[in-house]
Amino acid sequence: MRPVTVHPVPAMGAEDVVVADDGLVYTGTEDGSVFRLRPDGSRVDVVGHTGGRPLGLELLPDGRLLVADARQGLLAMETATGAVERLVDTVNGRRMVFCNNAAVARNGDIWFSDSSALYGIERWKDDFVQDTHTGRLACRRADGTVEQQLDGLAFANGVALAADESYVAVAETAARTVVRLWLTGDRAGQRDLLCSDLPGYPDNIARGSDGLIWVTIASPRDPVVEMLHHAPMPLRKVVTRIPERLQPKPKRTVRAMAFDDAGTLVHDVSGDASGYHMVTGVREHDGRLWLGSLHEPAVAVIAV
């Protein structure tokens with residue numbers, strides 16, 4: 001177990017992280033705030049507020065911060081003023097219920113996930129346990145047009161592009177897989193798996209400065225959840241209605257895995273979860289992993 005350095009922020013649920021070229025780190029919290037941290041954690045500033053629940057963060061070519069907001073949709077935020085522009089809230093005529101994560105191509109295309117057609121972030125466990133397969137992957141082209149690319153995903157979550165942008169990958173949390181959609185070459189338009197049978201439930205994913213696709217493991221595989229995924233839907237719905245204290249709980253863990261373009265596991269990094277857990281965001285930057293958590297009022301750093 002590697003040591004984990006924790007940098008607190010002033011609100012709960014610093015779900016994702018992104019590191020700018022100048023080394024500054026950005027994260028968003030459950031109160032709608034977006035914060036900017038110095039790399040050593042010595043200063044934390046408020047960048048702005050989305051009016052929703054910011055999740056996935058990326059950097060746009062024009063210098064703005066791209067925010068996948070669970071309630072507001074896909075947003076662009078000015079890092080100097082906090083001004084917010086809504087880019088997308090509807091795909092194929094259907095309003096997004098749970099915008100989750102995104103990746104930005106060099107040409108300005110934005111690939112993003114909508115986790116569920118039925119449940120928003122307040123009821124994420126309902127979708128996860130019921131395994132509704134209503135998640136989707138979409139793309140906002142640089143000209144502003146929006147296209148749905150994949151649907152029927154098992155809780156669509158993190159999104160990342162290959163270093164050469166030959167494919168886009170999206171995590172299926174409930175299925176414990178990372179789906180790959182090929183964008184170029186003879187396989188363009190085809191779908192396969194970058195990795196499958198992960199040892200736990202993937203959340204956000206991101207391409208690191210090392211060119212690898214980093215995948216968070218928010219919680220280890222749970223035999224009860226796996227059993228429920230194969231149970232009749234009425235039973236799955238009943239389970240999500242029982243009191244919170246009796247429902248399956250994520251086990252404390254700090255873990256991230258990295259895969260190359262062949263789907264080969266290159267790194268499997270685990271950290272001490274005694275003071276930080278449920279890693280939902282990851283960003284490899286110059287040999288260190290910056291981590292976010294849906295449940296922690298902090299971001300964290302661990303060595304690769």
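# Strands, a pocket and some odd turns

Start with E58: its bridge partner in β7 is L66. You're looking at a predicted model, where local features need pLDDT of at least 70, side-chain atom pairs count only at pLDDT 80 or more, and totals for chains, interfaces and linings use all residues. Residues are numbered from 1 along each chain as its sequence is written, and side-chain values use heavy atoms, leaving out hydrogens and water. Element names such as β7 come from DSSP runs, numbered from the N terminus: helices are H or I with at least four residues, and strands are E with at least two.

**The sheet around E58**

- β6 pairs with strand β7 (residues 65–69) in the antiparallel sense over four bridges; two strands count as paired if DSSP finds at least two bridges between them.
- In general, strands of a sheet pair through backbone hydrogen bonds, either parallel or antiparallel.
- These two strands belong to an open, antiparallel sheet of four strands, in the order β6-β7-β8-β9.
- β6 (54–59) and β9 (84–88) are the edge strands; each has a single partner, so one side of each has no neighbour in the sheet.
- On average, neighbouring strands here are turned by 30° against each other, direction ignored. For that, axes are lines fitted to C-alpha atoms (for helices, over the stretch in contact), and angles run from 0 to 180 degrees between N-to-C directions.

**A second open sheet, and S115 beside it**

- Another open sheet of four strands follows the order β12-β13-β14-β15, again with antiparallel pairing.
- Here β12 (99–104) and β15 (146–153) sit at the edges with a single partner strand each, so one side of each is left without a neighbour in the sheet.
- Neighbouring strands in this sheet are turned by 20° on average, ignoring direction.
- Inside the sheet, five bridges pair β13 with strand β14 (residues 135–140) in the antiparallel sense, and I110 has R140 as its bridge partner in β14.
- S115 is in the loop between β13 (110–114) and α1 (124–130).
- S115 counts as buried because its relative accessibility is 0%. The scale goes like this: buried is under 20% relative accessible area, exposed is over 50%, and partly exposed is in between (1.4 Å probe, protein chains only).
- The side chains of S115 and N100 share a polar contact of 2.8 Å. That term means a pair of N or O atoms within 3.5 Å; within protein, one must be able to donate a hydrogen and the other to accept it, and residues adjacent in sequence count only if both atoms are side-chain atoms.
- Beyond neighbours within four places in sequence, S115 is in contact (heavy atoms within 4.5 Å) with residues including F98, D127 and F155.

**The largest pocket**

- The largest pocket has a volume of about 590 Å³.
- Of the 24 residues lining the largest pocket, E58, L59, V104, R207 and R283 are the closest to its centre.
- The elements giving two or more residues to this lining are β2 (17–19), β6, β12, β16 (156–161), β20 (200–207) and β24 (279–285).
- How is a pocket found? On a 1 Å grid over the protein atoms alone, a cavity is a set of points where a 1.4 Å probe fits but cannot get out, while a pocket is an open set with protein on both sides within 12 Å along at least five of seven lines; lining residues have an atom within 4 Å of a point.
- Grid points are joined across faces, edges and corners, and the volume is the space filled by probe spheres set on the points.

**β24 and its hairpin**

- Six of the seven residues of β24 are buried, so you can call this strand mostly covered.
- β24 runs antiparallel to strand β25 (residues 288–293), joined by six bridges, and E284 has L289 as its bridge partner in β25.
- Two residues lie between the strands of this hairpin, where D286 takes a positive phi near 55°.

**β22 and its two partners**

- Strand β22 (residues 254–259) is mostly covered, with five of its six residues buried.
- Strand β21 (residues 213–220) runs antiparallel to β22, joined by four bridges, with I213 opposite F259.
- β22 also pairs with β23 in the antiparallel sense, over six bridges; A256 stands opposite V269 in β23.
- The β22 and β23 hairpin has five residues between its strands, and G263 in the turn has a positive phi of about 85°.

**Two loop residues with positive phi**

- D197, in the loop between β19 (191–195) and β20, isn't a glycine but has a positive phi near 50°.
- D197 counts as exposed, at 61% relative accessibility.
- M278 isn't a glycine either, and has a positive phi of about 50°; M278 lies in the loop between β23 (265–271) and β24.
- M278 is buried, with a relative accessible area of 5%.
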